Each structure stands twice: as C-alpha cells, then as structure tokens.
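Trainee: I should like to take a close look at a single part of this protein. May I put a request to you once the structure is shown?

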Amino acid sequence: MKVKLLLVKIYYSFPIQLLLLHFRKYQVLLIFWAILFSTVNGNFAKVFGGDALFLAPEYLGKVNFYSTTILGLSTGLFAMSWNITTFILHTGRFKFLATTTQPFFKYCLNNSIFPLAFMGNLIYRGWEYQRYQQLSTVPEILLLAEGFICGYLFVIVFSFFYFFNADKNIGRRLGKKFGNTRNFVRTVLKPTQEKDENALTVHNYFNSPWKMRRARNVEHYNKHYLDSILKQHHFAAMITVGCALLFLVFLAYMMDHSFFRIPAGANVMIFFAFLIGVAGAYAYLLQSWAIPMVLVMLLGLNWMVKHNLVDNRNKGYGLNYQEKSGRPSYSVTSLQQFFTLERAAKDKLETLKILENWKARFPAGKKPKLIVVNCSGGGLRAATWSMNVLQRLDTLMHGDLMNHTFLMTGASGGMIGASYFRALYLEKQQGKQINLHDSIYTERTARDLLNPVFTSLAVNDFITPFRSFKIGDNRYAKDRGYAFEMQLNTNTDNVLAKTLGYYMEPEQKAIIPMLIWTATINADGRRLIISPQPVSYLCAPEYSPAKPGFQDVDGVDFGEYFAGQGAMNMRVTSAIRMCATFPYVLPNVFLPSDPIVDVMDAGIRDNFGQETSMRFLHTFRDWINENTSGVVYIQIRDTRKNDIGGIKQTMQLSDMMFDPLFTMQQHWSAMQDFVQDNELTYLQGYFPGKLNRIIFQYVPQKEDRSAALSLHLTSREKIDIAGALDNPANQQLFDSVMHLIKQ
C-alpha cells in the first residue's frame, strides 16, 4: 500500500507531469534536445566532427577556460529559453503556480530534468573527450569544466534575478489596479463559472532544490486573475527571446573580428535558443493556425527565391557575375562547339612548352624521373596526411621533390595540403626564408576549420543571409563559404590568399609544378577542371584521327570557358573550396553560365584525382617516353585501398529499409578504385616498364580509432596521422621512391 501511494505521489509530482506533458504536447520542441544529446554522444553529425563543437570548443584558436565559459553561457541561455518557452505554453495547465512566490523559479526548478541531464552528459563526455582525444591533463580538464559551470550558473542566476524583479513589478501593477485589499480579495476569490479543461492534476512540487510542497487547490480562485498573473511573466519571457535574436545579429555583423568569433557550439546553442523561442511563440499565438501559416510562409519564400527576390547563392570569389549577356551557354552542343580538337591541340602545345622548361631544370643529356602527385579527399585528415607525406618525401630527397614533380592534383581535403605545400615552395623560390620541413606548416594545415563554418551557418546563413561583401564591382554573400576561406587564409598565414592568375607564370616557367583542382558539376556529372593554364585536352578522351570529329566532352576547362567572366581573377581559396564542397557543410558554388550551374566536391566524380592524371599522362605519353626515364606516380590517400569493412552477420529492420539507399554511398571510393585500377592497367601499356605507382596510405595505429573525416582534428588524431608515416609499409614505400629517383 505504501509503495502504491509512493508511486502515485511520484507520478503526480510536478516534474513528472511536466516531463510527460512535453512528450504529449509540442513534441517539436524536444527535437532540439534530441539533436544536442545525439551530437554530444557522437551519433549525429559525427562524420562532420559535430561532437567537437561542444566537447572541444575553440575561442581564438584555443580550448581553454574562456572558451568553455562562453559555451556555458550559451548553454544556460538555451536552457532558459527552453524554460521560458514551455512556461508560456504549459503554465495554463498548472494554475497553482500563480499562487506561489516566484512562480517562474518554481517552474524552472521542476522543469530541470532535461537541462540537468544534458549538463551531466556534456561534462562526462567532455571529460572523456579531453582526456583521450585532446590528451589534456586532469587539472586542465577540471579548469575547463569549471569554466562551463561558471558560465551556465551566471546566466541562470541573472535570469532568475530578472524574473524575481518581474514578480515585484507585477505586485505593484496589481496594487494600482485594485486600489485596496478589499477589492483585490473580492476579485481574486470570485470563482469563475467555466471549468478549466486544460488543468492537469499535480499533488506536489519542488518548492526549493531540497524541499517538496503540496500543490495548492486553486478552484476557489478567479481563473482570469490567475491567467493575468502568468501573462505578466509571458511578456517578460518574450523580451529574452528578442535579446537572443539581437545578439545573433550582432555576432553576424562582428564576425570579421576574431574577438567576436565565439565557439561554434556556443553559436549553435544561441541559435537553438532563438529557434525554440520563436517556435514556442508561434505555436502559442497561432494555435490551430500554426501549420497552415507555415505552409503559406514556405510558399512565399519559394516564390521569392524563384523570382530572384532572395538570392544568397554562393559564388566563386573574384568571378564576374554582373554581366549576364556574355555568359557562356551551358549545353551539350555548346560544350562540343567550344572544346574542339583544334583547341585541344593548341593547348597541348602550350603544355609541351612547360614540359620543355621543366626538363631544362635538369643537367643536359640526363633523363629525369617525372613525378605526378595525387592527393585523396577526406577533410583535414587528408589535408594533414598529404602535408606530412610531402614534407617527409621532400626531406628524404633533400628539397628536390618539387623539382621532379610536374603535376599535382586530387580531391577535397587532400588538395588543401597540396595547395599549401606548393604555395610555400613558391614563396621559398621567391627568396623568403621558409623551411618546408618545419612542423609548423603541418600544424597550420591541421588547424580547425569546422568552428567558423558552423558559426557562420548559425549566425549568418539563417539569421542574416542578406549580408555581403565586395571584390571590385562584384558582390558576394557572406556565408559559411566566406567563413571557410577567411579561416583557411588565417590558418595558413595568407599564403593561399592569391588569384589563379598569380600562378600562371610560375607554372609556365616550371618554377612550380602544375596544380589542377577539379569539382563536379551537379547538372550532369562533368568535371570542372580549374587551372591557370589552358588544359582543354583534359576535357575529352583522345580519339583516333580516323574517327569522326565528334567530341564526347566530359569536362569543362574553367579558365577558358569562363575567360570572359574573369576566371583568372578567382581566388585560389575558392578553387580549393569548390574542390572540397562536402554536401551541406559548405555551400555549392554557382557558375556564371547560361543557364547557371553549380558545382560541388570533386570526390563525387573522382576522390583520388587519378582520372585527371591518367588522361594527362596519356596525352603526353610520347614526350614523356622520349624525354624522361619514367614516371613515379605517387598517390597519397587517407584511407586503405582494397579494404573490407565489417560485414554484418545479422540484419535489423533498419538495415533492410536503408541499406539499399546508402550502399552506393558507402562503397563509392572502392568502386572508383576498381574502375581506375582497370584504366591504369591499360595506361601502363603506353609506358612499358616506366610507370611506377606508389600508394602512401594513412593507417591508424589502432583499428577502431581512425581520425574522423571532418574539418576538425583532435590532438590524438594529429599525433596518429603523423605516426602513420612510420608505418612499416609506408617506410618501405619511401625507400622505393628514393630508389626509383636514383635510377
């Protein structure tokens, strides 16, 4: 009997009734908690490194007391927004609160199951992450936790102080309204005739963190009076939501200043605080009209986008989008008419001149080895691995790697490392004091890019999508693409802050290797080939002269096709971003063609850059066979080749439902490998005994602890990537390269 009474008491307690009410009503508000819990626990957005936003928040490039304090402040703001929103929506069902002192405090105290569970989970996961991923010491972790808790408590205390003051103001206003105690009592105790059907039964509630009190019966109170008490709090609550919006707008306008670039996790929290407030206010005000109004707003937004009244499409920075009359037509016929055999032959002659300049760098009469470097996609993991391998190779070759290398290409993250290494080499050639083997460059390559991207997503892309900047007469949206390029330049000390045209002459003189970025055109899957040199011979397979002149164009030479739009003025960082546009993380780049087409990650078409390299080698096979002692084809990849992942021995219902949809995506790289290996077999026939492929693979030291495919790397992941250089298989490959070069 006592157990039954205890269970009844627990069931009808205010915290449990609130918890159940959240699941019965306005379940959309629980989505925010679900996303946060799932992200922190590594289930949601894991591939993007979403957990790092909350477990290793960076501020001014460091994870420290200040960064976790800011995260704590924003988490407190989100928790208060959650309390405020649900207070507005639900307190009509719990009228006894109006008879208590400080009703909002009582509500928050009893509504703290979700906030406390999230805080505990975040602190626990943060401890694990900092200890085993960031390799922080115990005192350092405790300091980070202290910062988070201090920030959280500051917001809570400040908010309650505000609402306690609101209680006093409400009392003063009611005193003025009723004039004297007798009128007040007559009104308050005058029972209403209608029954409150929304009221829920509550037996007890937490009056303080350590004490429970029986809920007062309010049937003898005037319902309208109780509603008036609660509505006074509703007004105060709406002010808080407005403040969150103003703060987000402020952050958006100050984002160019590093001091105001707060951790991305904090921005996500503030953004969620705003969204949950808006969602609550929307549901409260519109009631049954909520869904129809959402549909009307979506239709209106779609109409504005369709008629270009709202246009925040991302563009290549430096390209001219103003003149619409001279844009090249994008169609099969136009591409075939533009990329002719004559144009390909002309461009081939220009590259032959570069090959001759490259050969002239070696002693007369000596046939050097020609090196081609391919770097795979894979976020900062691939970028850092590429930089590590290139530095080690250059060290072993005593600084001669770039002299032997004629072509560098690849996809996505790997091209960040390759582009940075080549840019540093050029600066060294121009007389700057640069030690290419310095570990500082690997450290800069591995610096975080995720925080600015997600920060911009929260404060720019959603809140202030109309913000823009200008380069010359052209205007571009200040979105997460802009944030990515700005941070990449900051990380690399502005070495990459150049235009495509800047590298034209150094490539022509063979001072540096040719470097080709690619991207995938969404409209038809063709490759966009980005190079300072004319390379239209890479845009179609080579056909026999006996075959009709029909060209099956499968690529677009960016420099030539968009010459009228200032292709050589485009920023190198935009070329890198177009090559590394991971879906949703970065925005697709639109090109000034007619009709407009957009491009995204090169890895969709070729994650290893091999198609470009193989077509290049095939095109210049005669010159290479005659003037070199062979080709060393180096592939730097951040995944193991011909690897078989864990095969499921049992099937679940979810596997049966979703595996057919995602099988292609899961095995995309492997399928590319099989196709390209087959093509390479044919290519080797054109270089009998003179084409040697060397594949450097990132193999984690522990099977289940590979670095994440993300724009953020932990300290442990950076160490693991560097340690992969000393893998016995890779060590043997370094020796093989040295042996081949000396032949």
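Leaving aside its neighbours within four places in sequence, which residues is Phe 484 in contact with? Please describe this part carefully, and then its setting.

Mentor: Please keep in mind that this is a predicted model. Phe 484 is found in helix 20, which covers residues 480–491. When its neighbours within four places in sequence are set aside, Phe 484 is in contact with Ile 416, Leu 449, Val 453, Arg 577, Leu 586 and Leu 711. Take Leu 586 from that list: 102 residues separate Phe 484 from Leu 586 in sequence, yet their C-alpha atoms are 8.1 Å apart in space. Phe 484 counts as buried because its relative accessibility is 1%, and buried means under 20%.

The wider chain gives a context for this residue. The protein chain has 743 residues, of which 53% are buried. Its elements are 29 helices and 14 strands. Of the contacts in the chain with a separation of 6 or more, 79% are between residues 24 or more positions apart.

One contact of Phe 484, Ile 416, leads to a helix pair. Ile 416 belongs to helix 17, where it is among the residues that meet helix 15. Two packed helices are described by the angle between their axes and the distance between the axes. For helix 15 (residues 379–396) and helix 17 (residues 412–429), the angle is about 40 degrees and the axes are 6 Å apart. The crossing of helix 15 with helix 17 is right-handed. On the side of helix 15, the residues taking part include Gly 379, Ala 382, Ala 383 and Ser 386; on the side of helix 17, they include Gly 413, Gly 414, Gly 417 and Ala 418. Sorted by class, the contact between these two helices has eight nonpolar, seven polar and one charged residues.

A further topic is empty space. Rolling a probe the size of a water molecule over the atoms shows where such space is left. The structure holds five cavities of 30 Å³ or more, and the second largest cavity has a volume of about 60 Å³. Among the residues lining the second largest cavity are Trp 358, Arg 361, Phe 406, Tyr 425 and Pro 513. Helix 16 (401–404) and strand 5 (405–410) each supply at least two residues of that lining. By class, the lining of the second largest cavity has nine nonpolar, two polar and one charged residues.

Terms used. Residues numbered from 1 in each chain as written. Predicted model: local features only at pLDDT ≥ 70, side-chain atom pairs only at ≥ 80, totals over all residues. Heavy atoms only, no water. 1 Å grid on protein atoms, 1.4 Å probe; cavity = no way out; pocket = protein on both sides within 12 Å on 5 of 7 lines; lining within 4 Å. Points joined across faces, edges and corners; volume = space filled by probe spheres on them. Helix = DSSP H or I, 4+ residues; strand = E, 2+ residues; numbered from the N terminus. Nonpolar A, V, L, I, M, F, W, Y, C, P; charged D, E, K, R; others polar. Axes fitted to C-alpha atoms, helices over the stretch in contact; angles between N-to-C directions. Left-handed = near helix turned anticlockwise from the far one by under 90°. Contact = heavy atoms within 4.5 Å. Buried < 20%, exposed > 50% of the residue type's maximum accessible area, 1.4 Å probe, protein only.
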